[in-house]
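Trainee: Please take one part of this model and go through it closely. I would like the strands, what packs on them, and the spaces around them.

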Amino acid sequence: MAILREFRTEDLPAAERFGSWHDMTTSALIPTKLRSEHEADFRAGLQLLDLGEVQVSVLRYPPLETHRTPRLIRQSDPESYQLFLNLRGGHRIVQDGRDTASGPGDLMLYSTSRPWKGWAGGDPDTVEGVMMQFSRAMLPMPARQMDPLTAERLSASDGIGALVSGYLTQLAAGAAGYRAADAARLAVIGVDLVAALLAHRLDNGTRLPPDSHLRVLQARICAFIERQLGDPGLSPAVVAAAHQISLRYLQRLFHDQGMTVSGRIRERRLERCRRDLANPQLGSRPVHAIATRWGFTSAAHFSRVFRAAYGMSPGDYRQLMR
């Protein structure tokens with residue numbers, strides 16, 4: 001089942017913060033040696049989404065050093081990979097003879113089964129990121145093929161890297177709303193996206209299982225829809241053309257997920273409108289302007305579909321949220 005845990009060192013006395021952070025990361029993630037110049041008042045936080053064989057963590061901490069030693073590996077090794085999405089600050093890691101630095105907008109992969117040394121620093125003194133830890137056995141390619149990619153900087157700003165980045169950030173942002181039944185599906189989608197990124201980097205994407213290719217295509221399509229929601233011309237035909245597939249095949253992909261393409265577009269547009277209506281900073285923006293922003297060209301049609309989805313008019317919903 002999906003389990004959400006949150007931990008903030010600020011909730012503890014200053015003298016207990018660093019030791020508690022060390023103990024918490026050891027039990028929730030993997031054992032490492034930690035050192036920081038901020039140990040006297042270590043202000044850090046973690047939000048952990050446990051999806052079974054996959055854990056997704058939103059991390060915030062001051063500059064520190066980490067060391068995964070051979071002794072710690074012998075004592076405890078989950079035989080996993082960690083993929084870190086850098087959002088703020090910088091990282092440097094040494095593993096497998098490679099010494100690589102990364103910054104905001106980069107991804108970095110490393111193995112729990114081999115020693116590493118890492119350094120993290122921020123300006124100001126805060127590092128932020130999202131980390132996905134997953135079992136090595138979940139990847140469709142053998143570990144020896146992955147060796148060249150550990151401690152390598154992977155771009156998260158374009159291509160499949162952007163899909164991985166978007167998935168991780170959206171997964172973390174919606175963590176509180178997932179149900180137990182969602183855990184396995186979310187884990188599989190995440191690993192499939194990572195596998196596609198790594199296979200692309202290795203130039204052997206055709207070796208991915210057909211199911212992985214299918215789920216990556218579905219994720220690409222959903223990401224495209226999300227980016228184009230404000231375009232009133234967005235339609236199933238536009239989506240199919242953008243991905244060089246037939247409209248019939250596109251409809252079948254969504255039918256297998258229990259929905260239609262038009263239904264998905266409408267659902268996501270309504271959700272964006274609902275969020276804007278509940279946002280007090282947009283309280284002076286007219287309802288019709290919010291609807292137009294997210295691709296609805298008719299105020300009357302928007303009002304009807306909003307009422308059908310949420311049981312009240314857009315104006316009544318806005319008043320309720322104040």
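Mentor: What follows starts with one sheet, then turns to its helices and the spaces. The model is predicted: local features need pLDDT of at least 70, side-chain atom pairs count only at pLDDT 80 or more, and totals for chains, interfaces and linings use all residues. Residues are numbered from 1 along each chain as its sequence is written, and side-chain values use heavy atoms, with hydrogens and water left out.

Take the seven-stranded sheet. Its strands run in the order β1-β3-β4-β11-β6-β9-β12. The sheet is open and the pairing is antiparallel. Helices (H or I, at least four residues) and strands (E, at least two) are DSSP runs, numbered from the N terminus. Two strands pair if DSSP finds at least two bridges between them. In general, strands of a sheet pair through backbone hydrogen bonds, either parallel or antiparallel. At the edges sit β1 (3-8) and β12 (153-155), each paired on one side only. Neighbouring strands are turned by 20 degrees against each other on average, with direction ignored. Angles run from 0 to 180 degrees between N-to-C directions; axes are lines fitted to C-alpha atoms, for helices over the stretch in contact.

Look at β6 and β9. These antiparallel strands are joined by five bridges, and β9 covers residues 106-111. Here Q82 has Y110 in β9 as its bridge partner.

Now add the helices. α4 packs on the sheet. Its contacts are β3 (45-50), β4 (54-61), β6, β9, β11 (127-135) and β12, where contact means heavy atoms within 4.5 Å. The direction of α4 makes about 85 degrees with that of β6. α5 packs on this sheet too, touching β4, β6, β9, β11 and β12. Its direction makes about 95 degrees with that of β11.

Q47 gives a local view. This residue lies in β3. Q47 counts as partly exposed because its relative accessibility is 21%; buried means under 20% relative accessible area, exposed over 50%, and partly exposed in between (1.4 Å probe, protein chains only). Leaving out residues up to four places away in sequence, Q47 touches L4, R5, E6, V56, S57, V58, A172 and A175. The C-alpha atoms of Q47 and P210 are separated by 33 Å, at 163 residues apart along the chain.

Just before β6 comes E79. It sits in the loop between α2 (70-75) and β6 (80-88). Its phi is near 55 degrees, a positive value in a residue other than glycine. E79 is partly exposed, with a relative accessible area of 43%.

Next, the spaces. On a 1 Å grid over the protein atoms alone, a cavity is a set of points where a 1.4 Å probe fits but cannot get out. A pocket is an open set with protein on both sides within 12 Å along at least five of seven lines. Lining residues have an atom within 4 Å of a point. Grid points are joined across faces, edges and corners, and a volume is the space filled by probe spheres set on the points.

By this rule there is one cavity of 30 Å³ or more. The largest cavity holds about 450 Å³. It is lined by 26 residues, and Y61, T66, Y110, W116 and M131 are the closest to its centre. Y110 is the bridge partner of Q82 met above. The elements giving two or more residues to this lining are α1, β4, β5, β6, β7, β9 and β10. By class, the lining has 16 nonpolar, eight polar and two charged residues. Ala, Val, Leu, Ile, Met, Phe, Trp, Tyr, Cys and Pro count as nonpolar, Asp, Glu, Lys and Arg as charged, and the others, Gly among them, as polar.

The largest pocket takes in about 1,400 Å³. Of its 32 lining residues, Y167, Q170, L186, C222 and R264 are the closest to its centre. α4 (159-173), α5 (183-202), α6 (210-227) and α9 (261-278) each supply at least two residues of this lining. α4 gives the most, with eight residues. The pocket lining divides into 13 nonpolar, seven polar and twelve charged residues.

To tie it up: α4 packs on the seven-stranded sheet and also contributes to the lining of the largest pocket. Strands β4, β6 and β9 belong to that sheet, and they are among the elements that line the largest cavity.
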